[in-house]
Amino acid sequence: MNMKYAVGVDVGGTNTRVALIDDTFQIVKKEQFLTDREDVWDTIFKIKDAADRFQVQTQGVGISCPGPLDLMSGTVLTPPNLPGWHNIAIERELSKALGVPVFLENDANLACLAEAAAGAGRDVRFVQFLTISTGVGAGFCMDKKIYHGSRGYAQEVANSILWKNGPSQGNLKEGSVEAVSSGTAIVKRAEEAGLSVKHAGDVYQLALGGNLKAQEIMEDAYEYLSNFIGILYGVLDPDLFVLGGSVALKIPGFIKEIQNRTEQKVYPALKENICIVPAQLGEDCGLIGAAYLAMQKSGL
């Protein structure tokens with residue numbers, strides 16, 4: 001049986017990664033280079049060069065870019081960290097350069113797809129993914145396929161309001177889940193309280209050591225995030241809830257704490273359905289998800 005391949009591309013504000021991935025979800029080759037934030041064409045040509053060096057016929061290319069994105073037209077809209085990429089029809093332009101189909105998707109959706117196909121959710125049908133890191137992102141997969149909603153904006157959850165007159169962050173609404181429970185929010189609130197911290201793990205350690213303000217900040221992060229996850233369980237009834245991101249995966253006991261609290265947020269009869277697990281695929285989940293998307297779209 002001949003092995004099939006696709007290329008996964010993960011465009012970040014600092015680096016772009018390009019990988020050749022086979023139909024067993026194994027990364028065969030991988031390259032990384034600096035993203036040109038001002039000149040999209042420079043990065044497109046580097047992606048083409050990397051794909052050419054793989055010297056393998058591929059089924060297509062999946063690409064993850066920072067949002068906001070118009071997934072229906074395959075267009076990168078106005079990502080704040082990529083000023084030279086605004087309103088670029090990346091699917092069309094990259095497809096012209098590579099000579100194969102290209103499929104744009106956001107990073108959280110691709111992480112969810114990867115975990116559903118090859119990670120923690122590979123044995124179930126309905127997988128909800130949530131990343132808790134710099135920000136809060138989400139994706140939902142049914143039978144290994146991404147759910148997009150009517151316009152492609154399903155699971156854009158960061159601005160979901162949970163706390164009236166709560167903390168604010170950037171352009172987010174006050175009291176949104178990202179403004180309370182993301183790593184950036186935890187650090188911002190700690191700094192505003194006069195604490196000397198660099199990342200959310202520092203706030204956790206201060207809380208563990210008895211600092212009352214740090215304890216309050218971590219309590220809010222746990223409480224409002226578990227409230228939100230309880231809501232998603234009530235709306236979507238997933239088989240599995242996968243948590244990824246540095247905050248969820250690096251703070252000791254974070255996922256267990258969220259599991260315990262979420263169990264208290266749902267109907268008692270539904271408590272046994274709560275299953276929150278860590279993501280399994282690490283930093284390569286976006287690449288794997290992107291390549292698998294290209295395989296799906298190509299009919300494999």
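Start by selecting Glu 219, Glu 223, Glu 257, Arg 261 and Lys 265: in this predicted model, salt bridges link these five side chains into a network. Now narrow the selection to Lys 265 and Glu 223. Their side chains meet in a salt bridge, with 2.5 Å from N to O. Show the backbone around them and you will see that this pair connects distant parts of the chain, 42 residues apart. Lys 265 sits in the loop between α9 (254-263) and β12 (276-278), while Glu 223 belongs to helix α7 (residues 212-236). Are these two partners buried or exposed? Neither extreme applies: Lys 265 is partly exposed, at a relative accessible area of 29%, and Glu 223 is partly exposed as well, at 26%.

**Next stop: helix α5**

Select residues 183-192, which make up helix α5, and display Lys 188 and Glu 192. Here the salt bridge brings the closest N and O atoms to 2.9 Å. Where do the two residues stand along the helix? They are four residues apart, which means about one helical turn separates Lys 188 from Glu 192. Switch on a surface to look at their surroundings: Lys 188 is partly exposed, with 29% relative accessibility, whereas Glu 192 is exposed, at 58%. The cut-off for exposed is over 50%, so Glu 192 falls in that class.

**On to helix α1**

Move to residues 40-54, helix α1, and pick out Asp 42 and Lys 46. This pair also lies four residues apart, about one turn of the helix. Their salt bridge has its closest N and O atoms 3.3 Å apart. Asp 42 is partly exposed at 25% relative accessible area, and Lys 46 is partly exposed at 32%. If you would like to keep going with charged pairs, the count of salt bridges in the model comes to 15.

**The five-stranded sheet**

Keep α1 on screen and bring in the strands. Which order do they follow? Reading across this open sheet of five strands, you meet β3-β2-β1-β4-β7, with mixed pairing. At the edges stand β3 (27-34) and β7; each has a single partner strand, so one side of each is left without a neighbour in the sheet. Look along the sheet and compare directions: neighbouring strands are turned by 15° against each other on average, direction ignored.

Now step across three of these strands. Select β1 (residues 5-11) with β4: the two run parallel and four bridges join them. Val 9 is a good residue to label here, as it stands opposite Ile 63 in β4. Add the two helices that pack on the sheet. Helix α1 touches β1, β2 (15-22) and β3, and its direction makes about 155° with that of β3. Helix α2 (residues 90-98) touches β4 and β7, with its direction at about 150° to that of β7.

Continue from β4 (residues 61-64) to β7, where four bridges again join strands that run parallel. Stay with Ile 63, since this residue stands opposite Leu 104 in β7.

**Last stop: strand β7**

Select residues 102-105 and show the side chains of strand β7. In a regular strand, side chains alternate between the two faces of the sheet. Which residues lie on each side of β7? Val 102 and Leu 104 are on one side, Phe 103 and Glu 105 on the other. All four are buried, so both faces of the strand are covered.

Notes:
Residues are numbered from 1 along each chain as its sequence is written. This is a predicted model: local features need pLDDT of at least 70, side-chain atom pairs count only at pLDDT 80 or more; totals for chains, interfaces and linings use all residues. Side-chain values use heavy atoms; hydrogens and water are left out. A salt bridge is a side-chain nitrogen of Lys or Arg within 4 Å of a carboxyl oxygen of Asp or Glu. Buried means under 20% relative accessible area, exposed over 50%, partly exposed in between (1.4 Å probe, protein chains only). Two strands pair if DSSP finds at least two bridges between them. Axes are lines fitted to C-alpha atoms, for helices over the stretch in contact, and angles run from 0 to 180 degrees between N-to-C directions. Contact means heavy atoms within 4.5 Å.
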